[in-house]
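Student: I have a predicted model open and would like to reason through its labels with you. Shall we begin?

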Amino acid sequence: MIDSEPRSEREQTDESLRLERQHSDNALEQIAAIDATADDVISRARERADMLVANARARTDQAAAALPSDALKKSRALEDRILEGERLTADHILRGERAEHAALLSHERSETDKDLSQERARSDSALGKRDDFMGIVSHDLLNMLNAMVGVSSLIEKEVSQDNHIERVLGHARRIQRAGSRMRRLVGDLVDVASIEAGMLAVTRVESDAAEVVTEAVDTFQTQGLGSGLSVKAEIIQPLPRASFDPARILQVIGNLLSNAVKFTPSHGSVVVHVERVGDNIVFAVADNGEGIPADKLTAVFERFVQLTPDNRRGGVGLGLYISKCIIEGHGGRIWAENRSSGGTTFSFSLPIDGPT
């Protein structure tokens, strides 16, 4: 038998709210019933007290027949005032307790409504970002596929012509670049799914940070040269070997370099710095681009947030989020800060002996 589809988060929230309010309403009904019972008990107790007072006064009248009537009236008036004062005090206390209970329940319901409103606002924001993200991913994948199909058609035409080898090689490289971008995008999606499931793979082994930095810089130097950028490594020795996942750290440095190259103007420079600081190895990728608004230095590590000045779209906003999760999975931290001379530095630290 096929199980029904799981309910949405909003449906679960509504059900939780309904149950909570039902519980509150039941509590109110119970309090009302208790109040009614208490009122009945108080009423009967007062009637009995009044009867006892009347009987006591009748006996007092018989025993004090010889006393002056004025003295008896004053004594009874004093007793009545005392009794009335005690009853008024008791009624005031009872009303205060009931008002306090009602105010507490009202406050709890108000807090529940506020929490629900905030949760739904967050949910709506997340849904909006997800829809935008899916639109971007679909658009990017479609563009890459169209490019690959279009270039394949060009190759088909070129091979029938003379001296076609160089042109075909150029088209093949374009297909490879599009395929690499698609693979990276799909890899990011797989990583996000793994993160959400709490299953992001991080395999720590004793590794050399200098080798990872050198490999990352070598990969991006060719890309930088195409736009006149200088991409270089700055390794401060001695560097101890440390426990980390070299493939994942290479992925993080690649994400940071990709952003730096993307937002650094032609003939600018990007430097990957690494050194030991206490019990950590600290990596930093610094550029001399436009920098990041101060209020976005933390937000850039959230899902779907894109570093796109002038409303230009540049990716799906997953690279820094994935990088943050990878670094935290190593027991380290990652942060960004603007440079006083212009540009931004993205840094992350890894404990030498792995997370404690």
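Student: Which residues are buried in α6?

Tutor: Happy to list them: Gly319, Leu320, Tyr321, Ile322, Ser323, Cys325, Ile326 and Ile327. Each counts as buried because its relative accessible area is under 20%.

Student: What makes helix α6 largely enclosed by the rest of the structure?

Tutor: Helix α6 covers residues 319-329, and 8 of its 11 residues are buried, so the helix is largely enclosed. Those buried residues pack against α3 (165-196), α5 (246-263), β6 and β7. After α6 comes Gly331, with a positive phi near 80°.

Student: Why are α3 and α5 called oblique to each other?

Tutor: Their packing angle is about 120°, and the axes are 14 Å apart. Perpendicular pairs span 65 to 115 degrees and antiparallel ones lie over 145, so about 120° falls in the oblique class. The two helices are therefore oblique. The crossing of α3 past α5 is left-handed.

Student: Which residues make that contact, and how many are nonpolar?

Tutor: From α3 come Arg184, Asp188 and Asp191, and from α5 come Arg248, Gln251, Gly254, Asn255 and Ser258. By class there are no nonpolar, 4 polar and 4 charged residues.

Student: What makes β2 and β6 the edge strands of the open sheet?

Tutor: The sheet has 5 strands in the order β2-β4-β5-β7-β6, with mixed pairing. Strands β2 (230-235) and β6 (333-338) each pair on one side only.

Student: How do you know that β5 and β7 pair?

Tutor: Pairing needs at least two bridges, and 7 bridges join β5 (residues 280-287) to β7 (residues 344-351), so these antiparallel strands qualify. One bridge partner of this kind is Ser347 in β7, matched with Ala284.

Conventions: Residues numbered from 1 in each chain as written. Predicted model: local features only at pLDDT ≥ 70, side-chain atom pairs only at ≥ 80, totals over all residues. Heavy atoms only, no water. Helix = DSSP H or I, 4+ residues; strand = E, 2+ residues; numbered from the N terminus. Buried < 20%, exposed > 50% of the residue type's maximum accessible area, 1.4 Å probe, protein only. Contact = heavy atoms within 4.5 Å. Axes fitted to C-alpha atoms, helices over the stretch in contact; angles between N-to-C directions. Parallel < 35°, antiparallel > 145°, perpendicular 65-115°, else oblique. Left-handed = near helix turned anticlockwise from the far one by under 90°. Nonpolar A, V, L, I, M, F, W, Y, C, P; charged D, E, K, R; others polar.
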